[in-house]
Each structure stands twice: as structure tokens, then as C-alpha cells.
Amino acid sequence: MVKFSKELEAQLIPEWKEAFVNYWQLKKQIKRIRLSRLPTNPPHTAQLFAGVDFGRSIFDSLRSIAANLADNLRPSCDDHNLTVIQVRRKTVKGSEEEIYETELAQLFSEEDEVRVFFESLDEELNKVNQFYKKQESEFMERGDTLNKQLQILLDLKTIISNRRWKSSNPSSNSASFSHSPSRNSDYSERFGGESDETNSEVSSQTEEVITTLEKNGINLVNSGMRGKKTKKGKPKMGMRIDVPATNPTRAITAITSMLLEDLVNNPTTSGGDFIFKRKIQSAEKMIRSAFVELYRALGLLKTYSSLNTVAFSKILKKFDKVSCQKASANYLKEVKRSHFVSSDKVVRLMDEVESIFTKHFANNDRKKAMKFLRPQQNKDSHMVTFLVGLSTGCFVSLFCVYAILAHLCGIFSPSKEPRYMETVYPVFSVFALLSLHLFMYGCNLFMWKRTRINYNFIFEFSPTTALRHRDAFLICTTLMTTVVGAMVIHLLLRAAGFSPSQVDAIPGILLLVFIMLLICPFDFFYRPTRYCFIRVLRNIACSPFYKVLLVDFFMADQLTSQIPLLRHLETTSCRFFATIFKTHNPEACHSGRLYLEITYIISFMPYYWRALQCARRWFDDSDVNHLKNMGKYVSAMVAAGARVTYSRQDNHLWFVIVLITSTVATVYQLYWDFIKDWGFLNPNSKNPWLRDDLILKNKSIYYMSIALNVVLRLTWVETILHFKVGRVQSRLLEFMLASLEVIRRGHWNFYRLENEHLNNVGRYRAVKTVPLPFREMDSD
């Protein structure tokens with residue numbers, strides 16, 4: 001049977017861990033009580049020989065065990081007094097908040113350990129109650145806001161449907177009108193609940209809806225245009241609905257403004273209908289997501305209540321066992337009467353959300369609604385583990401075959417080596433670096449799961465489709481097995497006498513196959529993950545036009561570590577088009593002016609995207625730290641450009657420029673790594689030069705990670721030393737340095753997300769805040 005302490009550790013919400021009852025500390029205090037109650041006199045069996053010294057014997061330990069057993073078997077827990085403690089509820093002066101204080105009877109009043117235990121128990125109960133009340137109040141308020149948002153959406157749909165009907169029936173003055181009300185609305189019943197109001201005036205109904213919207217916080221501007229007509233006799237829609245903002249982002253502001261402006265500007269035209277329909281759908285999707293997140297939040301709070309209830313019950317039973325009293329009966333009654341146990345607001349609101357979601361977002365299909373509200377997480381499959389092992393074995397076997405064939409074919413001989421390094425090596429390096437990055441990501445996923453870092457919540461991944469570490473390892477090994485298999489086929493075809501121009505097309509074809517697999521619309525081989533990856537790449541490439549989420553800048557940081565991969569892609573694409581489509585001379589892919597310019601662009605691009613993301617975040621949040629972070633990427637761009645130039649102009653001037661720019665960029669990056677991204681180097685921390693909260697128990701790992709990150713940040717030194725080695729050795733050294741940067745990035749990823757997780761824990765952020773399409777009226 002699993003101990004409750006381990007069960008609690010496994011089930012508690014990581015971001016709310018500090019708000020849970022400190023079960024482990026209370027257990028330690030009970031242990032102290034038990035030790036303080038041990039008899040100080042010698043055991044009864046030893047009192048017969050208290051004055052006789054027989055010296056030490058090998059039977060002393062056996063006698064001690066027998067004496068303890070005798071004491072334990074002696075019936076001493078006969079007192080079943082229920083009044084040894086009194087738990088009182090008091091109201092704090094100046095507020096309506098209630099706290100619990102325990103008064104001990106004479107039986108316990110002189111025992112310091114017991115008094116300390118009940119004082120700690122009171123503190124824990126008050127902490128749990130206060131946290132529950134705060135979260136419950138926030139979720140109730142969010143539920144009211146969502147009800148208003150849903151009602152506004154339904155009323156806007158009503159206005160549009162009326163206007164469309166009136167446009168399609170200009171000669172008619174009446175319409176069949178229906179409206180789907182939401183709960184707790186003071187005006188939904190006006191427009192018919194489940195039955196249609198027929199023979200009613202469309203214009204008057206629209207006026208009533210608009211008037212009701214005004215009463216509920218929607219401000220109508222230019223309302224004097226109502227009732228006016230154009231020269232053709234049609235209603236002149238000149239009003240604009242304005243919903244003042246409280247604190248939404250500018251992106252949501254733009255969506256709201258366009259949505260409500262389109263409501264006024266002839267939405268009956270075909271183009272206007274389509275645009276407005278899409279915006280209504282966007283608003284509906286946002287509200288639906290907000291309901292899903294609210295339901296998840298309520299479920300977490302319900303779990304919080306049940307786990308704490310069981311924890312209090314367990315700890316009080318342990319105290320009864322140690323004290324040989326039923327002293328905790330009164331306390332347990334107060335726990336069950338406390339707010340976090342007795343309140344049913346969360347359960348009622350969950351039922352209400354289920355009902356609303358089923359009615360308005362699932363077409364009254366409860367089973368469909370529950371798929372959104374309670375998504376089932378995919379269980380780990382043994383088949384995936386088996387396939388990982390199988391593909392790993394195939395990869396090792398094929399790699400050995402490739403090594404033997406490469407030696408027999410003399411592929412690295414002076415006559416064949418240059419062409420092989422120019423045509424085949426870049427493609428296979430791309431796949432090797434990509435596979436290494438996937439492997440490191442799989443290691444990250446494994447460590448995040450082991451340390452209970454809530455990476456799915458941080459990245460806003462769906463738990464039903466999120467990639468797990470076994471899946472990442474499977475993709476990695478499958479990719480490398482396929483690539484090495486292609487390398488073997490390439491050598492076999494060359495040995496069989498096929499034309500080099502035909503054989504050398506295999507790497508390019510393999511690259512096209514994987515690109516087609518990435519964008520394949522069919523639902524196989526992790527389609528949600530593939531499409532999420534494409535969507536994030538789109539957001540990065542289109543910076544700063546998309547709002548920057550954590551997953552966006554996290555992926556952009558990964559791209560800054562894959563500049564060698566992007567350069568290999570450039571070379572491969574250039575040679576592929578030169579060979580297949582005969583667009584240019586293949587030699588221009590290494591020495592042409594266009595090639596050199598593209599090399600600069602590729603070296604700049606990941607840092608440029610990341611800098612634009614920082615600018616967008618500063619524009620959205622007005623936080624100057626984002627501008628400071630942008631400076632880091634600008635310095636990295638300058639250093640990268642200087643190194644590219646120095647690789648073609650080997651002189652002392654450029655050596656000094658590269659040394660200065662790279663040193664400045666490295667110091668800037670190390671500062672940001674340790675202080676901003678990892679939260680280390682805090683001189684006032686209780687963990688010297690780290691941070692106060694650490695997930696890993698062994699502190700030495702953090703110090704070694706700091707040193708490793710410094711060393712791996714300095715790998716650029718090799719690029720300015722220009723070692724005199726052969727072509728193959730130079731390529732291998734280049735690949736090794738690129739691999740070290742990928743490993744450094746995977747190492748950096750763990751601590752970056754650990755720090756983000758601890759920040760969420762510090763702010764009790766276990767639920768994301770979904771932006772809403774309609775803004776409420778400010779108090780002023």
C-alpha cells in the first residue's frame with residue numbers, strides 16, 4: 001500500500017504546493033510528541049537487576065527489543081475523553097475573516113510539543129481556508145464575467161440575424177425571432193426562451209437588444225444615426241459599439257474593435273457577412289476556451305479541497321494514536337465545518353458550466369462537451385517503448401554497415417572526398433543535428449516530468465496531444481534510422497556504377513520527403529504536434545505581427561542554436577536546384593556573391609526574429625526588460641556577422657573586431673542566462689549564489705551546470721583560431737561544435753523552465769487567463 005505522504009506528493013497541484021497543508025511538517029511534530037512521551041525510567045524487566053552490573057552482553061539488544069514489545073503490548077490507551085481540546089472560531093478585527101484557535105485541556109496544556117503541534121495545525125487550517133476562499137471568489141467572479149460575455153455574444157448574433165432577415169425581406173415588417181438565453185440573465189427571457197416570438201417587429205427587437213446591451217455595460221456611440229435611412233430607403237447603419245478596455249492586450253483590442261465596427265457597416269453584403277462571421281467565430285472560440293479553463297480551474301480547486309480534507313483526517317488520526325486519546329474528534333468536526341469543506345459553490349458552478357457548455361458549444365451533446373471539459377490524457381504505451389528500442393537497434397546496425405561500406409568504397413579518399421563533403425554531408429548533418437535536438441528535448445520532457453514541472457501548462461499544450469518523452473525518442477530514432485538507411489543506399493548505388501549526379505539527388509529527395517511528411521494533412525504520425533510546430537514557426541517568421549507567447553520565444557531561442565543547420569539547408573537547397581532544375585552552376589553555392597549574402601542573412605535571422613519578439617513584448621507589456629533582452633540579440637547579431645566576415649578576411653583587424661564583439665555578446669548572454677532566465681547569482685539567497693527555491697535536491701548540480709554553460713558558451717573561440725586540419729577533420733570539428741551548442745541549449749532548457757515553473761508557484765498560477773473578446777465598462 002502506498003503511503004499517504006507519497007500519494008499526496010503525487011496528486012497535489014505543483015503551483016499550489018505552498019498552499020496545501022504541510023503534512024510532512026506536522027508528521028515530524030507528531031514524531032517529536034511520541035519521543036517526548038517515551039518513559040525515562042528503565043524498563044520494568046530491567047528494574048529487577050537495577051543495582052547489579054553484569055557488563056555488556058551480546059543479548060543486550062535482544063533484551064531491549066523484548067522490553068519495548070512488552071511496553072507496546074501493555075494496554076495504556078483506555079481514555080476516550082472527547083473534551084481534551086476546544087476549537088474556537090474567532091473573527092479578525094477589521095475584517096470578516098474567521099480564524100481557528102485551539103485551547104488545550106489540563107491533560108495537554110503542560111506539554112510543549114502538543115501545544116506547538118496544535119498551533120501549527122491551526123495555522124495550516126487557517127491557511128487552507130483563506131487560500132480556498134480567495135480562489136473561490138476569483139473563480140465565481142470569472143464565472144459571472146463569462147456569463148455576461150456569452151450573453152453579449154448571443155445578443156450580437158441576434159442583431160445580425162435580424163438585419164440579415166430584414167435585408168432579405170425588405171417588404172416585410174415582421175420576422176420570426178428566437179433567442180437562446182444564458183443563465184442568470186435579466187433580459188434573456190425577453191426574446192423567448194425555448195419558443196419563438198412570431199409576428200414581432202425586427203427593428204424594435206433590435207432596438208430592445210441594443211438598449212439592453214447599453215444597460216449592461218456596452219456603450220453605444222453615434223446612436224443618433226439610428227432610425228435614419230439612405231437615399232435608397234434602407235436603414236442607415238452609422239453607429240459604432242464601443243466597449244472600453246480595462247487591461248486587455250492590443251491584439252484583443254483590435255479584434256474587438258473590428259468585430260463591433262463590422263456590426264455597423266452593412267454586414268449584409270456577401271464580403272461583410274463572411275468577415276463578420278469569421279470574427280464572431282473567433283469571439284465564440286475565445287469564450288469557449290475561457291469556459292474550458294474555468295472548468296479546469298474549478299476541478300483543481302475541488303481536488304485541493306478533497307486532498308486537504310484527507311490530509312487533516314490522517315494527521316489527526318496519527319495524533320490520536322500517539323496521545324492515546326480521541327482528542328482530535330472535536331477538531332475534525334471543525335475541519336468538516338470549515339469553508340473549504342462545507343462550501344458547495346464550486347460544485348454548483350461546475351454543474352452550471354457543464355450545462356452552459358453543453359447547450360451553447362456542444363449542440364446539447366453532453367458526451368461531446370465532456371471531451372472538451374474533461375480531456376483524457378493519453379497513457380504511456382509499451383508499444384512506443386518497443387518501437388524506440390527497435391529503431392535504436394536498427395540505427396546502430398545500419399550505422400555499422402555504413403562505416404564498413406564507406407571504408408570499402410574509399411569515400412574519404414582524396415579523389416572522392418571533396419564531392420561527397422559538398423553534396424551529401426550537409427544534408428545528413430541537418431538530420432543529425434535535428435535528431436540530436438529532438439533527443440535533448442526528449443531528455444527535457446523526461447526530467448520535467450520527473451521533477452513535476454508543469455511544462456504542458458507553461459507551453460499551453462493540450463494534455464491529450466502533447467508530446468511525451470517516449471514519443472520524442474521515437475521520432476528521433478526513426479528519423480536517424482531512415483537517414484542512415486538512405487546513406488547506405490547512396491553508397492550502394494555509387495558502388496554499383498550509377499551516375500553521381502543521379503545518386504547525389506538522394507539526400508535532396510530525402511529532405512523533400514520529410515518536408516512533405518511535416519505538412520501532410522492526414523491524421524497520422526503526430527499530426528497535432530507537427531501542426532503546432534508549423535504554427536509556431538509561422539509566428540516566429542512573422543514577428544512582430546503575432547502576439548508573442550512563451551512557446552514562441554522558447555522555440556525562437558532553439559533556432560538561435562541551430563544556425564549551422566540553417567546554413568546546411570541553404571547549401572543543400574542551392575545544390576539541389578542547381579542539379580535538378582539546372583538554374584545555376586553548383587559551384588556558385590560555395591563561392592558566389594549571392595551565397596555569401598545569404599550566409600549573412602541566415603546568421604542574422606534567428607537573432608533578428610528573437611529581437612523583434614522582444615520589441616513586440618515591450619510594445620504589449622511596456623516592460624523595459626524586454627528592450628534589454630533585445631539588446632542581447634542585437635549584440636549576438638553583430639558578433640555573428642563579424643565571425644562570418646573574419647572567415648573570409650583573415651587579418652588582424654577583423655580578428656580584433658571578432659574578439660571584442662564576441663566577448664561582449666558572450667558576457668551579455670551569460671548574464672541573461674544566469675540572472676534572468678535561470679534566476680541564479682542571487683547573493684542574498686539562502687542557497688549561496690543560486691535562488692531560494694530549488695527543485696533538484698543536490699545543489700552541486702546547479703554549480704556544475706553554471707560552469708558547463710560558461711564553457712559551452714565559449715565554443716566560438718575555435719572559429720577564430722583557424723586550426724590547420726583536412727577537409728574531413730574540419731567538417732567533423734564543425735559538426736562537433738554545432739552538436740555542443742545543441743547540447744548546451746537542451747541543458748539550458750531545463751533550468752529555464754524550472755525558473756518559469758517556480759515563478760508560477762510563487763504566484764499560485766495553476767490556470768491560464770484566457771483573453772475575452774468583449775471588454776467591460778471602466779468605473780470612470
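A residue is called buried when its relative accessible area is under 20%, exposed when it is over 50%, and partly exposed in between, with a 1.4 Å probe and protein chains only. The structure is a predicted model, in which local features need pLDDT of at least 70 and side-chain atom pairs count only at pLDDT 80 or more, whereas totals for chains, interfaces and linings use all residues. Residues are numbered from 1 along each chain as its sequence is written, and side-chain values use heavy atoms, with hydrogens and water left out.

**Exercise 1. A salt bridge with two kinds of partner**

Task: Decide whether Arg 374 and Glu 354 are buried or partly exposed, and state where the two residues lie.

Solution. Begin with the contact itself: the side chains of Arg 374 and Glu 354 meet in a salt bridge at 3.1 Å, N to O, where a salt bridge is a side-chain nitrogen of Lys or Arg within 4 Å of a carboxyl oxygen of Asp or Glu. Next, place the partners: Arg 374 lies in the loop between helix 13 (366-373) and helix 14, and Glu 354 lies in helix 12 (residues 345-361), so the pair ties together parts that are 20 residues apart in sequence. Helices here are DSSP runs (H or I, at least four residues), numbered from the N terminus. Finally, compare the accessibilities with the cut-offs: Arg 374 has 44% and counts as partly exposed, while Glu 354 has 6% and counts as buried. By the salt-bridge rule, the count for the structure comes to 19.

**Exercise 2. A buried network**

Task: Find which residues are joined with Asp 673 into one network of salt bridges.

Solution. The starting pair is Asp 673 and Arg 744, whose side chains meet in a salt bridge at 4.0 Å, N to O. This pair links distant parts of the chain, since Asp 673 is in helix 27 (residues 652-677) and Arg 744 is in helix 30, 71 residues apart. Asp 673 is buried at 1% relative accessibility, and Arg 744 is buried at 0%. Salt bridges that share partners then join Asp 673, Arg 713, Glu 741 and Arg 744 into one network.

**Exercise 3. The surroundings of Asp 471**

Task: Describe where Asp 471 lies and which residues Asp 471 is in contact with, leaving aside its neighbours within four places in sequence.

Solution. Asp 471 belongs to helix 18 (residues 469-495), and at 4% relative accessibility Asp 471 counts as buried. The side chain of Asp 471 meets that of Arg 468 in a salt bridge of 3.1 Å, N to O, and Arg 468 is buried as well. With the neighbours within four places in sequence left aside, Asp 471 is in contact (heavy atoms within 4.5 Å) with Val 384 and Tyr 526. Val 384 is itself one of the buried residues of helix 14.

**Exercise 4. Checking the span of helices**

Task: Test how the span of helix 30 agrees with 1.5 Å a residue, and then do the same for helix 14.

Solution. The expected span is 1.5 Å times one less than the number of residues. Helix 30 (residues 727-762) has 36 residues and should span 52 Å, and its end C-alpha atoms are 53 Å apart, which agrees. Just after helix 30, Tyr 764 takes a positive phi of about 55°. Helix 14 (residues 382-409), with 28 residues, reaches 40 Å from its first C-alpha to its last, close to the expected 40 Å. Gly 410, which follows helix 14, also has a positive phi, near 60°.

**Exercise 5. Aromatic rings**

Task: Classify the aromatic pair of Phe 312 and Phe 340 as stacked, tilted or edge-to-face.

Solution. Rings of Phe, Tyr and Trp (its six-membered ring) pair if their centres lie within 6.5 Å, and planes under 30 degrees apart count as stacked, over 60 as edge-to-face and the rest as tilted. By this rule the count comes to 36 aromatic pairs. Phe 312 and Phe 340 are 6.2 Å apart, centre to centre, with 45° between the planes, and the pair is tilted. Phe 312 is in helix 9 (residues 270-323) and Phe 340 in helix 11 (residues 339-342), so the pair ties together parts that are 28 residues apart in sequence. Phe 312 is buried at 0% relative accessible area, and Phe 340 is buried at 1%.
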